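The following note concerns aromatic contacts and nonpolar packing. Please read the numbered points alongside the sequence and the structure.

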Amino acid sequence: MADRPTRNGFADRSPLGEGVRDLPTRGRATCTGYIESVTHQPPSEQPFFSAVVVDALEHGSESLLLSKGARRPFDRLRVIWLGRTRVPGIEAGVRLRLNGMVTQLDGLPAMFNPRYEILSRQEHL
């Protein structure tokens with residue numbers, strides 16, 4: 001089943017794309033998720049900005065377990081922006097849609113320099 005690209009570059013299959021657990025092993029994909037954490041590199045290292053995206057932010061880990069107690073193989077997506085020390089709007093708790101090429105990096109799916117759209121943010125009180 002092939003996705004048809006729209007004028008903004010995002011797939012036209014569903015309004016929000018699929019979740020992280022639905023990503024293919026390799027190839028172009030669109031997914032929706034929440035930023036669980038971000039990583040900043042020290043100034044002495046090559047510049048890149050990284051985030052971990054999950055399907056849902058939860059207080060417990062029970063939804064990450066299968067019925068037999070094993071973790072799903074890919075419940076996280078690593079997103080890496082090369083040459084950047086910061087990406088505006090990308091912070092923990094933000095819900096976003098990503099579009100890019102999926103590859104494997106250290107056993108986890110990863111997207112390098114994906115297109116992104118911020119869907120919602122958590123408000124700080």
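1. Does Phe49 count as buried or exposed, and at what relative accessibility? In this predicted model, Phe49 has a relative accessibility of 1% and therefore counts as buried, the cut-off for that class being under 20%.

2. The search of the whole structure returns two aromatic pairs. In one of them, Phe49 and Trp81 lie 6.2 Å apart, centre to centre, with 40° between the planes, and the pair is tilted. This pair links distant parts of the chain, for Phe49 belongs to strand E2 (residues 48–54) and Trp81 to strand E3 (residues 76–82), 32 residues apart.

3. Trp81 also counts as buried, at 4% relative accessibility. With Tyr116 it makes an edge-to-face pair, because the ring centres are 5.7 Å apart and the planes stand at 80°, where an angle over 60 degrees is required for that description. Since Trp81 lies in strand E3 and Tyr116 in strand E6 (residues 115–120), this pair ties together parts that are 35 residues apart in sequence.

4. Phe49, Trp81 and Tyr116 form one aromatic cluster. Its members should be described separately as regards accessibility: Phe49 is buried and Trp81 is buried, whereas Tyr116 is partly exposed, with a relative accessible area of 30%.

5. The largest nonpolar core comprises 18 residues. Those with the most contacts inside it are Leu23, Ile35, Val53, Leu77, Trp81, Ile90 and Leu98. Strand E1 (27–40), E2, E3 and strand E4 (95–105) are the elements that each give two or more residues to this core.

6. Ile90 deserves a separate remark. Residues up to four places away in sequence being left out, Ile90 touches Phe49, Trp81 and Tyr116 of the aromatic cluster. Its other contacts counted in this way are Ile35, Val38, Ala51 and Leu96.

7. Where does Leu77 lie, and which residues is it in contact with? Leu77 lies in strand E3 and is buried, with a relative accessible area of 0%. Apart from neighbours within four places in sequence, Leu77 is in contact with Val20, Leu23, Cys31, Ala51, Val52, Val53, Leu98, Pro109, Ala110 and Met111.

8. A further distance may be noted for Leu77. Its C-alpha is 8.7 Å from the C-alpha of Arg21, and the two residues are 56 residues apart in sequence.

Definitions and conventions
Residues numbered from 1 in each chain as written. Predicted model: local features only at pLDDT ≥ 70, side-chain atom pairs only at ≥ 80, totals over all residues. Heavy atoms only, no water. Phe/Tyr/Trp six-rings, centres within 6.5 Å; stacked < 30°, edge-to-face > 60°. Helix = DSSP H or I, 4+ residues; strand = E, 2+ residues; numbered from the N terminus. Buried < 20%, exposed > 50% of the residue type's maximum accessible area, 1.4 Å probe, protein only. Core = buried A, V, L, I, M, F, W, Y, C linked by side-chain atoms within 4.5 Å. Contact = heavy atoms within 4.5 Å.
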